[in-house]
Amino acid sequence: MLGLKLPTDPRWVNIVEKNIEDILTDHAYCEQKAASTAISLMVSFPEYTDLVKEMIALVKEEISHFKMVHDKILERGWVLGRDRKDDYVNALLKFFPKGGSRTTQMVHRLLYAALIEARSCERFRLLSEKLQDKELAEFYRKLMVSEANHYTMFLGFARQYGDRKEVDEKWQQLLDFEAEIMKDLSKKETIHG
Ligand SMILES: [Fe+2]
Ligand SMILES: [Fe+2]
């Protein structure tokens, strides 16, 4: 599914289930970061009109997801906690060398975004299928459906703007690298941990 090379260990859901407040907090920031990634792509690459149009729509969608998660936190009687570091994303962002042409940098950022979307979507699907808390499972099912298009959209832009063959090779290498990172994860109550 989603091109990922290593599925998440389903026992991760048992860890999550013991700490719903932590997963919702982490998730809220994932949505906020997805919105800010869309903004920063518009700032960096304004002349790519197709991309800018899609990013405008994406900012709205991701910030509405942030609201949904934030509302869920309030509904359950909690207050949104502070952001914490995302070991998965930090490890992932080391893959491509810094620098290169503007197009190269854009392709790398689009591929990172595609992968983070794909993994998030896989995690949401797992939560929607395995959570005992049926209300929350349904919440994740709906989110999974709306996230599913994001990965293909980012990958599509990378292929459209970069050299197709080169982009496909980089994508496969990034997927292999991500699978290695994943071997040490699935142990924490965070969306990517
Ligand atoms: Fe989202
Ligand atoms: Fe997304």
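A pocket here is an open set of grid points with protein on both sides within 12 Å along at least five of seven lines, and its lining residues have an atom within 4 Å of a point. With that in hand, welcome to this predicted model. The largest pocket is lined by 25 residues, two iron ions share a bridging residue, E62, and the structure holds zero disulfides. Here is a short tour, topic by topic.

**The largest pocket**

- The volume of the largest pocket is about 540 Å³.
- Among its 25 lining residues, K33, A34, T37, A113 and I116 are the ones that lie nearest the centre.
- Four helices each supply at least two residues of the lining: α2 (20-44), α3 (49-75), α5 (102-130) and α6 (134-161).
- Helix α2 gives the most, with nine residues.
- Sorted by class, the lining has twelve nonpolar residues, seven charged ones and six polar ones.

**The iron site**

- Which residues hold the iron ion (ligand 2)? The iron ion (ligand 2) is coordinated by OE atoms of E62, E117 and E147 and by ND1 of H150, with E117 listed twice.
- These contacts to the iron ion (ligand 2) fall at 2.0 to 2.4 Å.
- Along the sequence, the donor residues follow the spacing E-x54-E-x29-E-x2-H.
- E117 belongs to helix α5 and H150 to helix α6, so this pair ties together parts that are 33 residues apart in sequence.
- Both of these donors are tucked away from the surface by the buried criterion of under 20% relative accessible area: E117 counts as buried at 8%, and H150 is buried at 4%.
- E62 also reaches a second metal, as it bridges the iron ion (ligand 2) and the iron ion (ligand 1).
- The two iron ions lie 3.6 Å apart.

**The cysteines**

- Why are there zero disulfides in the structure? A disulfide needs a pair of cysteine sulfur atoms within 2.5 Å, and the sulfur of C30 is 13 Å from the closest cysteine sulfur, in C121, so it is too far for a bond.
- Seen from the other side, the closest cysteine sulfur to that of C121 is the one in C30, again 13 Å away and too far for a bond.
- Are these cysteines buried or exposed? C30 is buried, with a relative accessible area of 17%, and C121 counts as buried at 2%.

Technical notes
Residues numbered from 1 in each chain as written. Chains lettered and ligands numbered in written order. Predicted model: local features only at pLDDT ≥ 70, side-chain atom pairs only at ≥ 80, totals over all residues. Heavy atoms only, no water. 1 Å grid on protein atoms, 1.4 Å probe; cavity = no way out; pocket = protein on both sides within 12 Å on 5 of 7 lines; lining within 4 Å. Points joined across faces, edges and corners; volume = space filled by probe spheres on them. Nonpolar A, V, L, I, M, F, W, Y, C, P; charged D, E, K, R; others polar. Buried < 20%, exposed > 50% of the residue type's maximum accessible area, 1.4 Å probe, protein only. Donors = N, O, S within 2.8 Å, 3.2 Å for Na, K, Ca; no water.
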